[in-house]
Protein chains: 2
Amino acid sequence: MTELRRDPVVDRWVLIAGERAKRPSDFDLVHGERRNAVCSFCPGNESLTPPEVAAVRPDGSAADTPGWTVRVVPNKFPAVSGETGTHEVIIETAEHTASPADLGAEKLRAILGMWRARLRALRDAGLPYRILFKNQGVAAGATREHLHSQIIGLRVVPARLREELAAARAYRARTSRCIWCDALAAELADGRRIVEDAGAFVLLAPYASRQPFELAIVPRVHAPALEDAPGDIDAALAATLASAFSRLRAAVDDPPFNLMVHGAPDFEGEYHFRCEIVPTLTKLAGFEIASGCHINPTPPEQAAKVLREAAR
Amino acid sequence: MTELRRDPVVDRWVLIAGERAKRPSDFDLVHGERRNAVCSFCPGNESLTPPEVAAVRPDGSAADTPGWTVRVVPNKFPAVSGETGTHEVIIETAEHTASPADLGAEKLRAILGMWRARLRALRDAGLPYRILFKNQGVAAGATREHLHSQIIGLRVVPARLREELAAARAYRARTSRCIWCDALAAELADGRRIVEDAGAFVLLAPYASRQPFELAIVPRVHAPALEDAPGDIDAALAATLASAFSRLRAAVDDPPFNLMVHGAPDFEGEYHFRCEIVPTLTKLAGFEIASGCHINPTPPEQAAKVLREAAR
């Protein structure tokens, strides 16, 4: 059983994931890519995952058989379950592709459609916090090479999102405007951290980037969550994601990274949905853990310049 | 030049460490132990570090020559410097020892004496935030094998410490007691997470442990910072540190970890100094980065049992 625990002093939470319980000998202290002998995400191996909850597949084809192009299954080793929430895996492509830079905008658009559908399903299931994320590469926490993303839905809203919402509400009360809309306008006016102005979305290096070559994809339209945004933005978002992956490959040799799609809990019109891509190029160590303050050796202005000039 | 930046929305800070500035090709994406061809921390190689700022060495021996047993130098690639703060490295032993479990209580006592002296020196230099940490192993962020710890002194107090102090003050206002003294008493009464009650210090697995086999070393005496605590506790603290390192070696095969010594800014009698040891046994990934909530697959009660039974 999963248990959510708060630190006795500060507002820091931990999921004690009993269903993942491990003995000391289970920890993988060996570094380097873990190649699974049999890939349970490849077509033909559908029986190695829990039964699918959704898929993009030819009309009339049976669930848990090959033919799908995107497939969603419950996580076999969930971080949350039952009372605490749900944990799903989105298998992003039938091919055993290893780099998201190989996906291209068309496949990304199909994946985005599934992200949207599953985020809606978890919202409709009454889960107030829904976080979509992608761990790319072993250093970023991926345990499987086959491209996939994940959604965790929680029955509680974590402190970080509550802090963001409080800041957005305070800003709105003071200015009648959205803090993220204004921050985006200021970035566009400044220009030094803009990587690509793609119209509906802007690709930029955040002012307080935690990692070298960190990126944000911010929609110009104010929508609180991806699942609530107008569907006609999907093509533009897919193209901007493809651009981000290609630029990271060209500039930093396909680095490991974490991608996150941040959205609002229900009825929180204040929130401004956006994607973050945080490469795993430096390690969090004692200072960062103790202080909560990151050390980034690459100024984001410098990262933006390199990424602007990177061939697509 | 180092620059401290705050996120435009939330109270999250980043040190943009210009002096560490790296080109894209500089990032080490290769995993596994980096063995430095020549160890600049070994005796005889003193000229490879900046000039020492302190050392335990025989009377009359010259600075930056062999003979020392503990040696402190400025970090050659500082995360902070000048206006922002200082960054020192404590070379903990003359031998090229790789595991802190091999140090033993006597050497640890000499190291502790130096920690105390440098923390005092940075306090006297007017740095309100002083964090002592040790990154052990490549996965925990160490770039050198030779045992060492580090102190960063900052001119600002990070949000995390301010949050702790606010919670401690609110608790004191309500109860007239110290929140950490009371939490320690509750842990001792409960017993399930106690690894060793060593009298002056208690070794325990924190209730909201972020990582498997996380440990805290909490002093029974209420002292706001190591450098202010009575000197007669050093022998007990060294013995408890030695016990923690030995137990981690026996239970989890000498894992990589981050050790941190948390102390108060000046004149903050509310604070209760303590050490944390956070093994690097699971990776922070998209969910943790997005939510601020950790996932720990090993309940601390189970970790405490294993560590209690581990041979010393």
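**Group meeting: the interface of chain A and chain B**

Good morning. I begin with a pairing of strands across the two chains: strand E2 of chain A, residues 13–17, runs parallel to strand E13 of chain B, residues 294–296, and three bridges join them. Within this pairing, Leu15(A) stands opposite Ile295(B) in E13(B). I should state at once that this is a predicted model.

Let me turn to the relation between the two copies. A turn of 180° with a shift of 0.0 Å along the axis lays chain A on chain B, and the RMSD is 0.0 Å. That is the relation of a two-fold axis. As for the surfaces involved, 100% of the interface residues of chain A are also interface residues in chain B, so the copies meet through the same surface.

What is the extent of the contact? Chain A contributes 79 residues to the contact, and chain B contributes 79 residues. Between them, chain A and chain B bury about 6,700 Å², and carbon and sulfur atoms account for 68% of that area.

Next, the polar side of the interface. How many salt bridges are there between chain A and chain B? The count is two. In a salt bridge between Arg5(A) and Glu301(B), the closest N and O atoms are 3.1 Å apart. In addition, 18 residue pairs are in polar contact across the interface of chain A and chain B, with both residues at pLDDT 80 or more.

Which element of chain A gives the most to the side that touches chain B? That is helix H5, residues 286–291, with six residues. By class, the side of chain A that touches chain B has 46 nonpolar residues, 18 charged residues and 15 polar residues.

Finally, I should like to consider one residue within chain A. Glu268(A) lies in the loop between strand E11 (257–262) and strand E12 (274–279) of chain A. Apart from its neighbours within four places in sequence, Glu268(A) is in contact with Leu165(A), Arg169(A) and Pro224(A). From Ile194(A), Glu268(A) is separated by 74 residues in sequence and by 28 Å in space, C-alpha to C-alpha.

Thank you for your attention.

How values were computed: Residues are numbered from 1 along each chain as its sequence is written. Chains are lettered from A and ligands numbered from 1 in the order in which they are written. This is a predicted model: local features need pLDDT of at least 70, side-chain atom pairs count only at pLDDT 80 or more; totals for chains, interfaces and linings use all residues. Side-chain values use heavy atoms; hydrogens and water are left out. Contact means heavy atoms within 4.5 Å. Buried area is the accessible area (1.4 Å probe) that two parts lose on being put together, summed over both. A salt bridge is a side-chain nitrogen of Lys or Arg within 4 Å of a carboxyl oxygen of Asp or Glu. A polar contact is a pair of N or O atoms within 3.5 Å; within protein, one must be able to donate a hydrogen and the other to accept it, and residues adjacent in sequence count only if both atoms are side-chain atoms. Helices (H or I, at least four residues) and strands (E, at least two) are DSSP runs, numbered from the N terminus. Ala, Val, Leu, Ile, Met, Phe, Trp, Tyr, Cys and Pro count as nonpolar, Asp, Glu, Lys and Arg as charged, and the others, Gly among them, as polar. Two strands pair if DSSP finds at least two bridges between them. Copies are superposed by least squares on the C-alpha atoms of residues with pLDDT of at least 70 in both.
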